[in-house]
Amino acid sequence: MKKLSVLLAAIVLIWDIGLAAELEYFQVYKPKDGMSVDEIMQIEYFVKYTKFAHDVNMGGKAYFIDKSGSTREKETARLRITLGRKSDDIAYKDLVIFTTPQVRGLGTLTWTYMDPKKQQDSWLWVPSLKKIRKISNANADDSFLGSDFTIDDILTRRFEDETYTLIGTENFKGYNCEYDKKTYFKDAPCFVIECKPKKSPWYYSKRILWVDKNTGGGIYEEMYDPLGRMFKTLFKDYEIIKVNGKDYPAQILLEGKDLRTGHRTVIINTDIKFDTGLSEDLFTERALTQTRW
Amino acid sequence: MKKLVLLLLLCLLTGLAYADEKFQFNGYIKNELGLRTRDQNYLQKNKDIVQLAGQYNIKDDELVFFAKVKYYYDFAYEKDKLDKAGHYMEHIQRAEWLRDLYLDYNNGPWFLRLGKQQVAWGQADGITILDRVNPVDLREFWLPDMVDIRIPLWMLNINYAPKLDSNLQFLIVPDFEESQVAPIGAPFTVRAYTIFDNTMKAIPGSTWDINQHFPGTRLDHSTYGLQWSDRIADTDYTLNFLYGHYSNARNTTIQTGLHFQVDRDYKLWRVYGGSFNKTFTNPGPMQGFTLRGDFAWYNDEPTYFGDPNIGKTYGFARWDNKFWLIGVDKYIVTKWLLSFQYAQYIMEHRLAENNSFASYQQIPMNAYTYGAQDPVENIFAIKISTDFLNQRIKPELSWSFTDDAQGKVSPKVNYEISDNLLFTLGWHYFYGKPSESNGQFNHQSQVYTQLKYSF
């Protein structure tokens, strides 16, 4: 029986790896009816991490809004280059530079590897030291830059980290965004998927995720704590941007709500440009040291 | 007059920023209060600081001009009020106001930064092992941020990347500034300076002729630096070399009757070293740990010797000393980052040649305290930091100490009042014997606040 379990586990692992290798970088995929739930989720992660594009260049604004309505704002300039390079296992590299006066010049360089078990490499340019510090990865359940999204939500969660069950398909009821009072994705056809983390105990027991059939993006999710109580909702507005005749799904607006504290985070991506031919030289320590502020 | 110039500059920058998107600017206004908490309580500082920085992209990112100016006024040291230091203000501002002024040229593998700037080498936090290109301003000891401690220098900073993730940096520094210490009577006047000043005053009728021998601003008097950076097996490393004048003067005193001639020389020395950092990213017990380290071999470092029992130097020797550090960083539980550093400063510790001093008069001495310098100094630092309320509140505790029962404990908390307004409350607690680096300020423990408005 034990041998059978090991064999099954090995088959599952090989199957996982096989699936992960199926999607080729720099292609545009859309989920379709009849696909397995794993195939749909592979596409969702592919879209989330913009693996369809060679590079992305965008501005970003994050609003931190507490229960009383008090709002703080952070601005960033963000660059990503997608590599999907087997020789050094690098999936993509990110450069984020803060442009908000209080932390202007603070920058992070992050390399994400293709091996899902491997953590990221991160470097931080600290203006008050005027030098680079290699930084340890924060825990996956830590807040991402003080927002209501975790590191896991934004950066580290991979397809291989969860198991999936297709609950069904439905037209999304629509998301009423508190930030701009608009209703998004009303009646958009979606797959509804239950995602359970393989890690246990973990800070959530499951996510119920709505994946938009048109963009492949996970547009809305409800997160449940280990006791089964919903504690957070996350919304992502995806829009199609035409690039060289291809339809690239781009994250435009994100709204995360912590139902326990009433705190909200809104992230707005602006001036999104895909495939502008960014050089990998921009994603090096040397480039980070050129930060002037 | 300076204030008026700064105000005009601010107006000009604002105008330019709106007029041309190639121009960006940034700055802050800050107040720093420091209250002594030992013995007699008094205001150690009441500083108002204004800093302005501007960047102009002459040709996209290929050619960029950058400048940063800073001015401050410390009301605690106004003359006829709490002035314990005479010409404190003008002394302080001399090396202070122009923080950056350079032109960047970036083209393919080449990157040149030409002008007044800081260059920071190494991985150590708060300890300058390889970080020796710029002199340091210790008028508030090591309490300010390193960006404010380093004294910028005019230099050519030439970089060439022969391959991805590597870099060869060559520095030519024709400029020279000596490292600064606080003048007599200031809260953080080093003990060595006080002893020297007391010696001068203690000999009635004596005359003192103090001659500074600054290196000339000539190419052959320049400082030269070389750094090779690369990455092997997920580990970043550098190899470093620095050749130039030591930024602290070494005194030679010649006595003729009651006349003393003190020659202050800045000796040539060399630094050979390297640094590394590595984050363990692969699964396993070390995953999530970041290791970093510096190593330096100081060739011909001018080191005082003398009798620490009476705080008297008899000369200096040119020794080959070693300084190395290893640091570990790790998030221990959610949001709590722990950093630990261990460093050793190993002195050559041989008797100076060609002199007739007794061995007890040839003890290596700490140049800042005139206390005995151990042949091997063990230095430790621990820092723990976290955040609350979506990073609105950021507490931090740092503790640095040596094996001589001396050190500094510094808790602080940052509170982000609004996007532009940051409040800091902290405490620096010094302990140890007066002949030790931190212990010399064991009566200067300080509660401080900072209120910073950024724009």
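The expected span of a helix is 1.5 Å times one less than its number of residues, and this rule is needed for the first exercise on the predicted model shown above.

**Exercise 1.** Work out what span helix α4 (residues 191-202) of chain B should have, and compare that value with the distance between its end C-alpha atoms.

*Solution.* Begin with the length: helix α4 of chain B has twelve residues, and at 1.5 Å a residue these should span 16 Å. Next, take the end C-alpha atoms of this helix, which are 16 Å apart, so the expected value and the distance in the model agree.

**Exercise 2.** Decide whether the buried residues of α4(B) line one face of the helix or are spread around it.

*Solution.* First, list the residues of α4(B) that are buried, namely B:Arg191, B:Ala192 and B:Phe196. Then look down the axis of α4(B): the buried residues fall within an arc of 140 degrees, and therefore they line one face of the helix. It helps to recall that an α-helix has 3.6 residues a turn, so residues three or four places apart point the same way. Finally, turn to the face of α4(B) directed away from the buried side, where the exposed residues B:Asn198 and B:Lys201 are found.

**Exercise 3.** Compare the radius of gyration of chain B with the value for a compact globule that has 455 residues.

*Solution.* Start from the rule, by which a compact globule with 455 residues would have a radius of gyration near 23 Å. Chain B has 23 Å, which agrees with that value. Then add the extent along the principal axes, over which the C-alpha trace of chain B spans about 70 × 55 × 50 Å. As for what chain B is built from, there are four helices and 24 strands, and of its 455 residues 33% count as buried.

**Exercise 4.** Find which element of chain A gives the most to the side that touches chain B, and describe that side by residue class.

*Solution.* Note to begin with that the contact takes 39 residues from chain A and 43 residues from chain B. On the side of chain A, the elements that give two or more residues are β2 (71-85), β6 (131-135) and α4 (285-289). Among these elements, β6(A) gives the most, with three residues. The last step is to sort this side of chain A by class, which yields nine nonpolar, 14 polar and 16 charged residues.

Terms used:
Residues numbered from 1 in each chain as written. Chains lettered and ligands numbered in written order. Predicted model: local features only at pLDDT ≥ 70, side-chain atom pairs only at ≥ 80, totals over all residues. Contact = placed C-beta atoms within 7 Å. Nonpolar A, V, L, I, M, F, W, Y, C, P; charged D, E, K, R; others polar. Buried ≥ 20, exposed ≤ 12 C-beta atoms within 10 Å, placed from the backbone. Arc of directions from axis to C-beta. Rg over C-alpha atoms; globule rule 2.2 N^0.38 Å.
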